Structure formats: C-alpha cells, structure tokens
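Please open the model in your viewer and keep the selection panel at hand. The stops below say what to select next and what is to be found there.

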Amino acid sequence: MIKKEKFLLVMPDYSDFPKLFLDNLEKEGFETYLITDKVSKFRYKGAESIKNFFVKNILRNKEYKQDLIKRHFLEDLNKSISAIEGELDYILVIRPDNFPIPFIQNLKKKTKKLIAYQWDGIEKFPEVKNYFNLFDSFFCFENVESQPNIKSITNFYFDHLPPAHKEYNTEKPRLYFVGLYWKSREEKIDRFIAEVSDLPVDLSIFIQYFKEPEKRNDKIKYIQNRISFEENLKLVKDSDVLLDFVDPLHNGLSIRFFEGMYYKKKVITDNIMVKKYNFYHPDNIFVVENNNYNNIDQFLHIPYQELPEEIVKQYGFSNWIREIIQDKK
C-alpha cells in the first residue's frame with residue numbers, strides 16, 4: 001500500500017472554504033490536516049486582569065491587553081502544530097498575513113515544503129510583503145512584476161464537485177452576482193443595471209454590507225450575512241451569466257471565471273485582462289471596456305460555446321495543487 005503524503009492546510013476560517021479544500025485534497029490522495037485562525041477564547045491568567053486595569057487606567061496604556069491576546073493567538077496556533085505528529089510533506093498557507101510571523105517560522109521546521117498562496121491582492125493587504133521570504137514558494141493570483149520571487153498562478157474551481165449544468169436560457173437569461181459592498185463597485189453595478197433594465201433578463205444580484213449603504217437600488221438584494229460557498233454554488237448552477245466587477249486593487253482574475261468555465265456559464269466583466277487567457281471566447285465572456293455596453297443584447301441571446309475539455313481541466317484544483325507542490329524555487 002502506498003503511503004499517503006501528509007498535507008497541512010493553514011487558512012482563515014472563512015465560510016465553508018476550508019472543508020472544500022480538504023475534500024479536494026483528500027480526493028487527490030493526501031492525508032490532510034487543518035489549522036485556521038479560529039482559536040480558543042482569550043482569558044486572563046493569574047493577575048493579568050488586575051495588571052491590565054492598572055496599565056490601562058493609571059498608565060493610560062491600552063496595548064497591554066492587545067499584546068496578551070496576540071500572545072494567546074500565537075500560543076494556540078503553536079499548540080495546533082505540536083499536536084500533529086511527525087514531519088509533513090507539504091504545508092500550504094492561504095492569506096499568510098492573517099498569521100503571526102513566528103508561527104510561520106515554526107511551520108517551516110515541520111515540513112519539507114512550505115508554500116503560500118495570497119488569494120487577495122498584494123496591494124490590498126501590503127503587510128503580506130513581510131512574509132515573502134519565509135516560504136519555499138510564494139504564489140499569488142495576480143501578476144506581481146515588482147517581486148521576482150512571487151509566482152503568478154490563476155484561481156481555480158473545485159473539481160471534486162460534480163460539473164452539473166443546465167442549458168443556457170437564450171430567451172431570458174438569469175444574471176447572478178454576489179459580493180461585498182464597496183462604493184466604486186456600487187457605481188459600476190448601478191450603471192450595469194441601468195444598461196440591461198430594458199432587456200429580457202432575470203437579475204439576481206446580492207450585495208453584502210457591514211454598514212447601511214448610502215443609497216439602495218431596488219434591483220439589488222442587500223444582505224448582512226455572508227452567503228456560504230455551498231449556497232453560492234447553487235446560485236451559480238441556477239444562473240446563466242455570472243457578473244464580475246473587478247476590484248481596483250486587484251490585478252488578476254476572480255474565481256467567477258473558473259466557476260463559469262466548469263459549470264458552463266457566461267461571464268460579463270469589466271476585467272480586460274481576461275482576453276489574454278486561452279479560455280476566453282467572445283460568445284462566452286463579454287468584456288465591458290470604457291463603459292461600452294454595445295452589443296450586450298446580442299451577447300445575452302446567443303448560446304454558450306463549449307470549450308475543449310483539456311482547457312477546462314487545466315484550471316481545476318487537481319492541476320492547480322500539483323503545480324504549486326511541484327514548483328522549484
């Protein structure tokens with residue numbers, strides 16, 4: 001019997017993403033372990049609460065408790081590493097800037113290969129630049145030209161899930177979007193809704209907000225709780241077209257393009273970079289350049305064009321994970 005390679009995934013406790021990664025890794029034959037940034041609740045030890053009262057109220061120093069919380073976070077993370085016996089073959093850290101540097105240094109002692117993947121933009125979370133040299137390989141979904149040691153890799157779709165899809169509705173396509181609220185995105189979405197409001201389409205647009213939006217659009221469903229990945233996938237499968245409004249701090253392709261490819265959905269986007277990729281087809285991906293919506297009606301009412309299977313497989317998780325673990329520094 002072939003011994004399974006040991007794979008530790010370290011990532012934020014974000015929706016149901018950790019489980020999807022683990023399930024896909026297990027399908028690829030790995031023995032999996034998981035550490036997230038969700039640790040036990042902080043509690044004062046000994047006289048720490050008395051000391052905190054004194055430091056905060058007499059010395060006017062509010063940092064003491066924060067330092068204790070950070071120390072507790074690091075200690076709990078390190079306990080999680082210690083609980084895993086033996087050496088690991090691979091450790092993949094997603095969003096490394098969510099974890100303390102000493103913890104990352106401890107991970108390095110535990111594995112043959114320490115890999116990072118920054119699935120959010122470098123400039124969006126510039127703190128991550130302090131982590132670049134801590135890893136054997138560092139990947140980002142963006143093109144990062146100023147950093148020679150950072151390798152660009154696209155996002156992917158989870159290919160352990162069945163590729164169910166429905167026939168494209170040329171009469172009244174359903175257009176779907178879910179994303180976080182930010183002002184520049186709101187302006188883009190309002191403009192988009194105005195452009196398609198006279199067309200025979202079914203709009204399904206969800207915006208998650210943390211504080212009340214300045215103004216509301218009655219064609220948008222505003223939500224406070226995050227839609228889980230599983231719920232999102234159901235909405236993706238029920239749709240015909242995925243909407244993609246690029247984050248101005250991102251310099252790469254969102255996961256929507258890869259889900260669109262796998263589930264045979266069209267995409268409408270303002271990310272002009274997509275034209276450079278081998279899966280781009282003008283019948284499947286409508287690129288809004290300079291707010292130009294000419295011919296969108298024609299695009300919406302022609303069928304989806306099937307892509308060659310080898311192109312679709314190229315962007316699956318199975319291929320993605322092999323690429324990052326086989327990388328030579």
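Begin by selecting Asn290, which is exposed, with a relative accessible area of 77%; here buried means under 20% relative accessible area, exposed over 50%, and partly exposed in between, calculated with a 1.4 Å probe on protein chains only. Asn290 sits in the loop between β12 (285-287) and α8 (296-300), where helices (H or I, at least four residues) and strands (E, at least two) are DSSP runs numbered from the N terminus. Its phi is positive, about 55 degrees, although Asn290 is not a glycine. Most residues other than glycine have a negative phi.

Before moving on, note that this is a predicted model, in which local features need pLDDT of at least 70 and side-chain atom pairs count only at pLDDT 80 or more, while totals for chains, interfaces and linings use all residues. Residues are numbered from 1 along each chain as its sequence is written, and side-chain values use heavy atoms, with hydrogens and water left out.

Stay in the loop between β12 and α8 and select Asn295, another residue other than glycine with a positive phi, in this case near 75 degrees. Asn295 is exposed, with a relative accessible area of 54%.

Now zoom out to the whole chain, which has ten helices and twelve strands. Of its 329 residues, 50% count as buried. If contact is taken as heavy atoms within 4.5 Å, then among contacts between residues at least 6 apart in sequence, 66% join residues at least 24 apart.

Next, select helix α1 (residues 17-27) together with helix α10 (residues 317-325), which pack at an angle of about 80 degrees with their axes 10 Å apart; the axes are lines fitted to C-alpha atoms, for helices over the stretch in contact, and the angles run from 0 to 180 degrees between N-to-C directions. The two helices, α1 and α10, are therefore roughly perpendicular to each other, on a scale where angles under 35 degrees count as roughly parallel, over 145 as roughly antiparallel, 65 to 115 as roughly perpendicular and the rest as oblique. To see the contact itself, show the side chains of Phe21, Asn24, Leu25 and Lys27 in α1, which meet Phe317, Ser318 and Ile321 in α10. The residues of this contact divide into four nonpolar, two polar and one charged, with Ala, Val, Leu, Ile, Met, Phe, Trp, Tyr, Cys and Pro counted as nonpolar, Asp, Glu, Lys and Arg as charged, and the others, Gly among them, as polar.

Keep α1 selected and colour its buried residues, which are Phe17, Pro18, Leu20, Phe21, Leu22, Asn24 and Leu25. What covers them includes the strands β1 (6-11), β2 (31-36) and β3 (88-94), as well as the helices α6 and α10. After the end of α1 comes Gly29, whose phi is positive, near 95 degrees.

Move to strand β5 (residues 137-140), where both faces are covered: Ser137 and Phe139 on one side, and Phe138 and Cys140 on the other, are all buried. Strand β4 (residues 111-118) runs parallel to β5 and is joined to it by four bridges, two strands being paired if DSSP finds at least two bridges between them. Within that pairing, Ile115 stands opposite Ser137. Strand β6 also runs parallel to β5, joined to it by three bridges, and here Phe139 stands opposite Lys151.

Finish with the salt bridges, of which the count comes to 15 when a side-chain nitrogen of Lys or Arg lies within 4 Å of a carboxyl oxygen of Asp or Glu. Select Lys166 and Asp240, whose closest N and O atoms are 2.5 Å apart. This pair links distant parts of the chain, 74 residues apart, with Lys166 in the loop between β6 (150-152) and β7 (174-180) and Asp240 in the loop between α6 (229-238) and β10 (241-244). Lys166 is partly exposed at 31% relative accessible area, whereas Asp240, at 3%, counts as buried.

For a pair within one helix, select Asp238 and Lys234, which form a salt bridge of 3.2 Å, N to O. Being four residues apart in α6, Asp238 and Lys234 are separated by about one helical turn. Asp238 is partly exposed at 32%, and Lys234 is exposed at 54%.

The last selection is Asp97 with Arg95, a salt bridge of 2.7 Å, N to O, in which Asp97 is buried at 14% relative accessible area and Arg95 is buried at 9%.
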